[in-house]
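Please read this short report with the model open beside you. It goes through sheets, helices and cores in turn.

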Amino acid sequence: MILAVAANAVSAVSFAMLAGLCAYFMGFRRHLVFPLLFLLISAAVIVAVSVSNILERAAHFTLVDRFEEYQECLILPFMLLFAYSWSAVSHLRLNEEYVALLHHRVKNDLQIVDSLFELEAGAEEPDARAALQSARARVAVISLAEQMSLEGGIPAPIDMAAFLSAIASRVAPDGGTGGNAIEVEADIRLEPYFAIPCGLLVAEAELVFYATGAALSLPLPRTRLATLGKGRYRLSSAVSLPAGFSSELADVLIYQLNGRRVEGQGTVIDFSVGATEGPL
Amino acid sequence: MKGARVLIVEDEAIVAFALRVKLESWGYIATSIERCGAAAIAAFDRDRPDCALLDIFLADSVDGIEVARHIANNSPVPFVFLTASQDGPTRERALAARPAGIVPKPYSDSSLRTVLERIFRTDADIV
């Protein structure tokens, strides 16, 4: 019995090391396969041998005796299962650390881009200054999306009310103290893929408003996001985007949103976040 | 508080330089820019600024939280973390140092300015 346990333990440790090595050298998806394969083959061999022995000796042992005789056979699969779980958890933790590191790098890089624009923002030519300020606002939209989608530590849909209000505050020369420019229907949350173009459209409208239309004193809120149906939304702004870059950028963003312009005052866009629904 | 002296601890040169320009445009004085934790501690002891803006991950093995602990243990000077890090353990360590604020990167002008104004308004109230 002791010899059998020792032999099983040695083989279990060997298999565990092998499984660990496989897990270490393989990617997460691949490393699922190999330890499980070892586990299944080992378990099959052990069960076959055990059943064969039990059948041979069945006449001479009680059920309790059989369990005591063969309980060491359980060591190997449990060791393998432990090794597999341990390696899987280690890999998951490692991957989480990599993801956190990547997000950290992305945010740092966005800060560098913003700082570069900021350093250039003192340009003497008004057009260049305005272009740099617009570029900073667009970078800010992406930065906010990055921050807000990871607020809870894991990627999550973005609370559009907080997101769009923060964008309006960033774009506003007074930091958003002049009243709430944005109204969002309660609890609209979108994935960054849709939230970012939506945010960029709002930023564009606000930029145009402060550049050309602030004197018009449009009533607040200037921009609204409302639900039209399941996965369908309407983004409407009292600000008309002028022909040129703003309008071209808007067309690209509308395309990403599976959306279309709706005739009306200002800029009205209906869009759908359902991938299967196709463009509106 | 116009003319308040601020230590900048940031390992990204462009970010640090833009931060200094920004602070100076708001009326603050940047005592120095440090990219390493050890140099930041030395600069703090030397210059005794009114406030410190600290990145967490720096160019050497002494991170911004250790710099913050040094500041907290040796003075009542408030400090603010400017960090891109959102992971739980780092955030817990940062909060344990009792900062006057944590401003996530990439930060807006208004978020940074609000924190600084709050710090110096509070200080003025105490005085």
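The text below takes chain A, then the cores, then chain B.

## Chain A and its sheet

This is a predicted model. Chain A contains eight helices and seven strands. Of its 280 residues, 39% are buried. Its exposed surface is about 15,900 Å², and 64% of that comes from carbon and sulfur atoms. Contacts reach along the chain. Take those in chain A between residues at least 6 apart in sequence: 64% of them join residues at least 24 apart.

Now look at the sheet. In chain A, five strands build an open sheet in the order 2-4-5-7-6, and the pairing is mixed. Why is one side of strand 2 and of strand 6 (260–262) of chain A left without a neighbour in the sheet? Each of these strands stands at an edge and has a single partner strand, so there is no neighbour on its other side. On average, neighbouring strands of this sheet are turned by 25° against each other, direction ignored.

One edge can be followed in detail. Strand 6 of chain A pairs with strand 7 of chain A in the antiparallel sense, over three bridges. Here R260(A) stands opposite D270(A), which belongs to strand 7 of chain A.

Two helices pack on this sheet. Helix 6 of chain A touches strand 2 and strand 4 (223–229) of chain A, and its direction makes about 175° with that of strand 2. Helix 8 of chain A touches strand 6 and strand 7 of chain A, and its direction makes about 120° with that of strand 6.

## The cores

In soluble globular proteins, nonpolar side chains tend to be buried together. The largest nonpolar core here has 41 residues. Those with the most contacts inside it are M160(A), F163(A), L164(A), I167(A) and L225(A). Several elements of chain A supply at least two residues each, including helix 5 (126–149), helix 6 (160–171) and strand 5 (232–237). Which helix gives the largest share of this core? Helix 7 of chain A does, with 11 residues.

M160(A) is worth a closer look. Leaving aside residues up to four places away in sequence, its contacts include V184(A), I188(A), L190(A), C198(A) and L225(A).

Another core, of 22 residues, lies apart from the largest one. Among its members are V15(B), Y28(B), A30(B) and F120(B).

## Chain B and its sheet

Chain B also has an open sheet. Five strands form it in the order 2-1-3-4-5, with parallel pairing. Its edge strands are strand 2 and strand 5 (101–104) of chain B, each pairing on one side only. From one strand to the next, the twist averages 20°.

Is strand 1 (residues 5–9) of chain B mostly covered or mostly uncovered? It is mostly covered: four of its five residues are buried. Strand 1 of chain B has these two pairings:

| Pair in chain B | Sense | Bridges | Partner residues |
|---|---|---|---|
| Strand 1 and strand 2 (residues 29–34) | parallel | five bridges | L7(B) and S32(B) |
| Strand 1 and strand 3 (residues 51–54) | parallel | four bridges | V9(B) and L54(B) |

How does the chain get from strand 1 of chain B to strand 2 of chain B, and what is the hand of the crossover? The path runs through helix 1 (residues 13–25) of chain B. This β-α-β crossover is right-handed.

Technical notes:
Residues are numbered from 1 along each chain as its sequence is written. Chains are lettered from A and ligands numbered from 1 in the order in which they are written. This is a predicted model: local features need pLDDT of at least 70, side-chain atom pairs count only at pLDDT 80 or more; totals for chains, interfaces and linings use all residues. Side-chain values use heavy atoms; hydrogens and water are left out. Buried means under 20% relative accessible area, exposed over 50%, partly exposed in between (1.4 Å probe, protein chains only). Two strands pair if DSSP finds at least two bridges between them. A crossover is right-handed if, with the strands pointing away from the viewer, the path from the first strand over the helix to the second runs clockwise. A nonpolar core is a set of buried Ala, Val, Leu, Ile, Met, Phe, Trp, Tyr and Cys residues joined through side-chain atoms within 4.5 Å. Contact means heavy atoms within 4.5 Å. Axes are lines fitted to C-alpha atoms, for helices over the stretch in contact, and angles run from 0 to 180 degrees between N-to-C directions. Accessible areas come from the Shrake-Rupley method with a 1.4 Å probe; for residues, only the protein chains shown count as cover.
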